[in-house]
Amino acid sequence: MALTREGVLQALRKIKDPKRDKDIVRLDMVKNLTVEDDRVSFTVVVKEPGTSFANQVEEACERVLHEEIDPHLEVDVEVDSEMISLGDDVMVGDQEGEKRQQGGDGGVQNTVAVASGKGGVGKSTVAVNLAMSLKEQGYSVALVDTDIYGPSVPKMLGMEGERPRVNDERKIEPLESHGIKVLSMGFMVDPDKAVVWRGPMVTKAVRQFLGDVNWGDVEYMILDLPPGTGDVQLTVVQTIPLTAAILVSTPQDVALADVRKGKTMFDNVNVPTVGIVENMAYFSPPDQPDRKYYLFGRGGAQNLSRELDVPFLGEIPIEQEVREGGDDGRPVVLSHPDSKSAQAFNEMADRVVEQVAIRNAQDDPTQKVEILYR
Ligand SMILES: Nc1ncnc2c1ncn2[C@@H]1O[C@H](COP(=O)(O)OP(=O)(O)OP(=O)(O)O)[C@@H](O)[C@H]1O
Ligand SMILES: [Mg+2]
């Protein structure tokens with residue numbers, strides 16, 4: 001296997017933390033990964049020092065990388081611990097451990113925003129199917145619809161008219177649909193009234209809505225953003241730390257031009273854009289499933305992803321089942337798992353997991369952006 005970050009992380013996924021029964025990449029334990037020529041170095045952050053797992057993980061990492069990649073690979077592993085011991089009975093979490101807990105009781109591990117510069121390109125469709133695909137792979141998933149003016153998640157998941165409950169601690173309990181936790185601005189405010197709200201009111205509503213929720217344990221929180229690069233998007237990144245952003249485009253030049261704006265917005269707030277998805281990329285007639293008609297042009301999003309140095313996450317075809325899934329409250333990855341679009345969504349979800357793992361292994365958690373008003 002060639003030496004790439006993806007390859008290293010893939011090999012390291014073979015190592016499980018027996019207590020938590022998940023692999024060390026999924027548990028975000030691999031940090032500071034660097035890969036160069038024939039040398040790999042990284043830190044494994046264990047929960048507690050001195051356990052038999054903590055003592056053995058270094059050797060396990062070396063062994064698996066030698067077996068899977070190259071027996072002569074130079075592997076430099078450091079084992080660090082989330083807990084720093086201060087004397088006999090005082091244990092404190094280090095900075096990173098504390099940050100991880102900020103998300104709520106159990107904690108939200110990864111937050112991924114789905115955005116686009118242009119409206120109507122399929123953000124909500126991508127967000128909903130990404131969430132479902134991750135859930136089908138066994139992750140615990142939450143989906144948050146932050147589109148105050150045009151929330152579409154309630155309809156796409158068949159939850160129109162539902163209202164979340166507030167618990168005894170005055171926290172909002174997210175609703176559930178098809179095994180994922182869901183909150184939508186559409187459950188809280190009447191979109192017809194919200195259209196006339198001014199910026200600060202939107203900001204206040206989003207803050208309140210994202211702040212007081214009992215999320216419990218969530219591995220991936222997917223946020224469906226409203227179209228554009230304005231106030232609400234800024235409020236979202238100011239309210240919760242985002243792990244990563246993905247941008248959705250259609251093949252037309254106008255949509256592609258807006259992807260640049262989206263990338264710039266996330267760059268400005270130090271959120272890494274980990275991928276571009278091309279939606280409605282091509283059409284295959286049902287009676288000619290092997291033909292692909294690139295109705296709006298071909299290759300634009302892939303070229304742009306190269307130019308912006310952002311991974312390409314895949315092309316999603318135009319399919320009737322996608323639109324029907326959106327209208328019927330059963331996303332296509334559940335209703336037609338064998339369709340081309342469902343397969344494309346599943347591959348996209350795999351790449352998102354891979355890119356988020358790479359991002360987590362390289363960078364520190366994203367800080368909340370404090371104030372950005374000009
Ligand atoms: N790949 C696809 N094939 C067929 N229909 C699709 C596809 N992707 C999206 N659609 C349909 O296009 C419409 C717009 O999609 P969606 O609501 O996801 O876009 P959006 O970017 O979230 O829009 P907005 O900017 O208004 O939030 C929906 O009716 C949806 O079902
Ligand atoms: Mg939408």
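Colleague: Which residues touch the most other members of the largest nonpolar core?

Modeller: Keep in mind this is a predicted model. The core has 97 residues, and at least three of them come from each of domain 1 (5-86) and domain 2 (103-349). The ones touching the most other members are Val30, Val114, Leu130, Ala131, Leu143, Ile222 and Ile246.

Colleague: Which helix gives the most to this core?

Modeller: Look at residues 340-362. They put eleven residues into the core, and the helix they form is H14.

Colleague: Ala361 sits in that helix, so is Ala361 buried or exposed?

Modeller: Ala361 touches Leu9, Val30, Lys31, Leu33 and Phe42, leaving aside neighbours within four places in sequence. The count of other C-beta atoms within 10 Å is 22. The cut-off for burial is 20 or more, so Ala361 is buried.

Colleague: How far apart are the C-alpha atoms of Ala361 and Asp28?

Modeller: Along the chain, Ala361 and Asp28 are 333 residues apart. In space, though, their C-alpha atoms are separated by 7.3 Å.

Colleague: Back to Val30: which residue is its bridge partner in S4?

Modeller: Strand S3 covers residues 30-36, and it pairs with S4 (residues 39-46) in the antiparallel sense over five bridges. The two form a hairpin with two residues between them, and Asp37 in the turn has a positive phi of about 40 degrees. Across in S4, the partner of Val30 is Val44.

Colleague: And what is the bridge partner of Ser41 in S5?

Modeller: S4 and S5 (residues 74-81) run parallel, joined by eight bridges. The chain gets from S4 to S5 through helix H2 (residues 52-68), in a right-handed β-α-β crossover. In S5, Ser41 is partnered by Asp76.

Conventions: Residues are numbered from 1 along each chain as its sequence is written. Chains are lettered from A and ligands numbered from 1 in the order in which they are written. This is a predicted model: local features need pLDDT of at least 70, side-chain atom pairs count only at pLDDT 80 or more; totals for chains, interfaces and linings use all residues. A nonpolar core is a set of buried Ala, Val, Leu, Ile, Met, Phe, Trp, Tyr and Cys residues joined through C-beta atoms within 7 Å. A residue is buried if 20 or more other C-beta atoms lie within 10 Å of its own, exposed if 12 or fewer, and partly exposed in between; C-beta atoms are placed from the backbone. Helices (H or I, at least four residues) and strands (E, at least two) are DSSP runs, numbered from the N terminus. Domain bounds come from an automatic or database domain assignment. Two residues are in contact if their C-beta atoms, placed from the backbone, lie within 7 Å. Two strands pair if DSSP finds at least two bridges between them. A crossover is right-handed if, with the strands pointing away from the viewer, the path from the first strand over the helix to the second runs clockwise.
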